[in-house]
Amino acid sequence: MSPPPLLSLLLIVPPSLLVLLCCTATAVSSQLAWTPIYVGSNSQVDLWTQESQGCRCNHDLVRQDCACCVPQGGCQCGELALNRCAQCGLEQHCTNMCNITIKADLLLARSNSTFGQIKSPALSGPDHCWYTLDPGYNRRVELQVYRLINAGHFNGTSCVSGYLELLDSFGQGTGPRICGQNERLAPPVVMFADRESATLNFRIEESTSRSQFLAYFSFTSLTNVQGLAFRPKGGRRIEHTVCDWLYQDFSCNKDSCTLASPGFPGIYGTDLYCKYHITTSSVHTKVRLQFLTLSLPLNHCGTHYINVYQGPTSNSPLLTTICDKSKKDHTFPGPNMLLEFRAGAAIPPYDYTGFVATIEFIDNVVTTPTSTAATLVISPYPAAAVPRIPSKNDKACEMTIKSTDVKSGHFDLRGLQNWKTNCTIRFEGKEPEIVHISLFNYVLKASSCQSFIDIYDGPDTRSKDIIKRLCSPVENHARDTNGRFRERQMFVSSGTYMTLFARRLMANTQDVETEFLDGAYSFFNVLERGTLQPDTLCDVNYNGLSSSSRGRLKHPGTEQIFWNVEGQMRCSQNLIPAANQSISIKVISLNKLSSDLCYTECGDGGCRCVKNATSIVDQLYITSTKGDVLSCICGDFQAEWLPVTVKSWSPINLVYSISKYSWSNKGFEYTAEYSFKDDIVCGYRVINQHTGIIESPIVIRESPLNFYYHQDCTWLLDSNVERHLTIEIGSSQSRPCSAWNISIHEYSERVDDKAGPILYTFCSREKNSTNTLPWQMNIVVIKLRAMTQTPPQYYIKWRSDVDRARLSGSTAHTAAASGSSKLSISWTLLFTGVSLYIKKIKKR
């Protein structure tokens with residue numbers, strides 16, 4: 001009696017194929033459909049040849065001495081090899097299966113299969129073969145390698161002298177690479193490629209008599225959710241990267257997401273650096289990371305590991321490192337996590353498969369009072385002046401947040417224990433505070449504005465105070481689909497109160513997603529912290545006439561309103577003295593700024609940051625209103641250089657610049673002081689005297705090491721007469737022009753300070769200089785610019801001189817004209833007198 005078909009198969013198939021069938025039957029059942037090879041008897045020659053002869057030849061119908069092929073998928077090789085069959089679609093490669101393209105659609109049309117075998121020719125090295133595997137639409141490439149002969153060797157760190165490598169279509173150098181001298185791989189080494197076509201490279205780089213490999217391939221449908229067709233769930237591959245993914249909470253709000261190493265459950269590529277970005281849109285959301293499978297090479301934690309960071313980059317705080325085969329559950333806070341997978345060279349035995357993990361986003365909304373949450377007060381009355389549909393037993397809810405309890409925090413309507421139709425959140429500050437709020441997430445599902453959110457500038461919900469209405473249906477998440485925070489929606493009150501009113505029509509049930517609103521708030525003391533500038537997150541003004549005469553400055557970014565800020569952040573504290581004031585900024589303390597891209601140098605002209613012009617680094621700097629950097633600190637500066645002080649008689653700005661800010665990595669800390677003083681040294685003056693002198697005021701030099709004087713003084717000289725203007729400038733000092741200089745400018749209406757083109761620049765090393773300006777140039781602008789540790793000493797004299805030559809010519813001309821006029825009048829009078837006398841004689 002003939003053995004059953006499966007037993008017949010076990011009797012004749014090579015050991016490698018036997019391992020394939022056994023393993024797939026027990027471990028991965030989907031693999032049975034990958035190699036459905038029909039076997040008619042125990043005399044089969046190979047996978048596609050039943051008998052080596054005895055069948056009609058397709059290329060010559062008269063002949064009957066050709067090979068007999070398996071009924072499903074086998075085709076004769078023809079004249080190339082009369083006694084062999086191959087898979088239909090690949091029969092042209094019977095004698096030399098090297099440098100070929102295998103297309104899934106062609107195989108399916110010719111052999112009704114999307115799987116097959118690759119048996120390389122016996123190569124004499126050095127040599128190589130390539131195989132392009134094209135899965136077509138909605139399939140992935142699978143490969144199982146059973147045999148390696150003289151294909152390089154592993155030297156302890158990498159494969160040398162030869163290898164077999166599977167590369168996807170994205171790029172070179174990231175696919176799994178194996179090697180071996182005489183390897184019978186049981187179980188087989190499994191490889192996968194997930195991006196369009198893949199290339200299998202077999203390369204021998206040394207002299208060999210016979211190098212060969214045997215593998216099976218399959219183009220498996222991506223819709224198959226079992227076994228080897230595993231796919232990540234809920235995430236999105238980041239474009240133009242090798243293996244980076246993004247997972248967001250609102251994409252996984254129903255079920256948990258799943259992430260995996262590249263090519264799971266096969267071995268992953270060599271020299272990989274994969275980043276899995278995990279983001280949350282709510283401050284209350286935590287991330288639970290559970291490893292279902294973790295299989296990395298043992299005792300290679302230095303080259304094969306997973307790092308988890310609290311933040312968006314590898315510069316963020318490191319939470320944990322995972323390696324080997326230890327599976328653990330981890331729970332981390334948001335809003336950003338980075339799971340970084342690094343892999344070195346493939347290490348034999350190739351029995352590791354990488355990892356699979358689930359991501360669960362857990363909302364933990366708290367309504368009880370804490371240091372950052374307000375007390376919830378339930379009111380029996382609906383919010384005033386708001387149209388609503390009466391409902392039985394419907395009560396409004398009121399949340400009152402007072403600055404006397406907490407200065408900043410978060411609010412979330414999902415934290416209410418009982419769902420209400422109308423809810424009011426009232427923010428109550430005290431003088432001189434204003435309210436600053438930012439909306440993170442909101443969802444309104446009802447149609448035609450039946451649900452809405454109103455924002456009022458004041459304590460009441462009166463229509464005249466409304467500044468914004470959000471109408472349903474509308475949905476906003478803190479992050480966009482690329483994982484980046486969206487543009488912030490911020491509102492600032494004009495007084496000490498702000499009110500949010502939310503009308504939610506749709507109830508919170510298991511079948512309907514909650515209509516909700518969440519965000520952050522901050523009570524901002526304008527007297528202590530300056531005047532917050534419109535449409536900015538953290539730019540403030542301190543005015544010499546309205547702000548405190550002295551106070552402390554510190555780093556921003558610690559309030560919860562900064563929760564959805566990510567990336568480069570720049571905050572400017574602008575100090576504006578009055579006309580008769582000076583302003584001093586003293587940087588007292590500063591954390592070390594760890595950056596190899598920048599270092600600090602301090603000298604007579606201030607401290608400066610030395611870096612590449614394109615480098616973006618953490619730095620603290622003081623600028624003028626024209627953007628000139630007066631002093632800058634960055635990198636690993638010397639602590640003994642502090643304090644650094646700049647005293648100015650014109651507005652200056654203290655700028656806090658962070659290259660990569662995030663809520664989990666807030667940047668460096670600093671403290672500084674400012675002071676306004678009544679101090680008339682320089683400013684903008686208009687002088688109408690024809691002659692005069694300006695002398696540098698007496699400024700007592702401060703003793704600290706890095707104390708700098710910044711002066712930007714302007715004098716407009718208007719003599720208002722057509723004379724020659726002569727200006728003499730002198731100094732007893734001998735300082736470089738970069739320390740301070742005085743320039744003379746033409747008058748121009750086109751600029752605010754009237755300073756047009758430069759006529760002359762004086763430097764103190766000249767000691768003395770006299771300049772006579774052209775005739776009728778009776779208006780000029782003189783500017784002093786200084787940034788130095790030593791106050792400048794100078795004098796400026798001017799006089800308006802009469803031009804004698806021009807004046808003499810003008811006087812003679814006038815005298816001549818006067819004499820001629822007088823002569824004409826005399827002759828006229830004489831002629832008139834004679835005429836009268838003659839008439840009188842005639843009458844007699």
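This note goes through the aromatic contacts and the disulfides of a predicted model.

1. The aromatic pairs in this structure come to 25. One of them joins Phe452 and Phe501, whose rings lie 6.0 Å apart from centre to centre with 45° between their planes, an arrangement that counts as tilted. This pair links distant parts of the chain, since Phe452 belongs to strand β31 (residues 452–456) and Phe501 to strand β35 (residues 497–503), with the two positions 49 residues apart.

2. Both partners of that contact can be placed by their accessibility. Phe452 has a relative accessible area of 4% and is therefore buried, the cut-off being under 20%, and Phe501, at 0% relative accessibility, counts as buried too.

3. Tyr674 and Phe676 make an edge-to-face pair, with 5.8 Å from centre to centre and 70° between the planes. Tyr674 and Phe676 are both buried.

4. Beyond single pairs, one aromatic cluster is formed by Tyr268, Tyr276, Phe291, Phe341, Tyr352 and Phe355. Rings also take part in contacts with arginine: the charged end of Arg342 sits over the ring of Tyr273, at 3.8 Å from its centre, while Arg479 lies over the face of Phe485, 4.0 Å from the ring centre.

5. The whole structure holds 16 disulfides, among them the link between Cys538 and Cys571, whose sulfur atoms are 1.9 Å apart. The torsion about this S-S bond is about -85°, so the disulfide of Cys538 and Cys571 is left-handed. Distant parts of the chain are linked here, with Cys538 in the loop between β37 (531–532) and β38 (540–543) and Cys571 in strand β40 (residues 567–576), 33 residues apart. Cys538 and Cys571 are both buried.

6. Cys682 and Cys713 form a further disulfide, with 2.1 Å between their sulfur atoms, and the value of -80° about the S-S bond makes the link of Cys682 and Cys713 left-handed. Cys682 lies in the loop between β48 (670–678) and β49 (684–687) and Cys713 in strand β51 (residues 706–718), so that the pair, 31 residues apart, links distant parts of the chain. Cys682 is buried, as is Cys713.

7. Cys737 is joined to Cys763 by a disulfide with an S to S distance of 1.3 Å. Cys737 sits in the loop between β52 (724–730) and β53 (740–747), and Cys763 in strand β54 (residues 755–763), 26 residues apart, which again links distant parts of the chain. Cys737 counts as partly exposed because its relative accessibility is 31%, whereas Cys763, with a relative accessible area of 13%, is buried.

Notes. Residues are numbered from 1 along each chain as its sequence is written. This is a predicted model: local features need pLDDT of at least 70, side-chain atom pairs count only at pLDDT 80 or more; totals for chains, interfaces and linings use all residues. Side-chain values use heavy atoms; hydrogens and water are left out. Rings of Phe, Tyr and Trp (its six-membered ring) pair if their centres lie within 6.5 Å; planes under 30 degrees apart count as stacked, over 60 as edge-to-face and the rest as tilted. Helices (H or I, at least four residues) and strands (E, at least two) are DSSP runs, numbered from the N terminus. Buried means under 20% relative accessible area, exposed over 50%, partly exposed in between (1.4 Å probe, protein chains only). A charge sits over a ring if NZ of Lys or CZ of Arg is within 6 Å of the ring centre and within 35 degrees of the ring normal. A disulfide is a pair of cysteine sulfur atoms within 2.5 Å.
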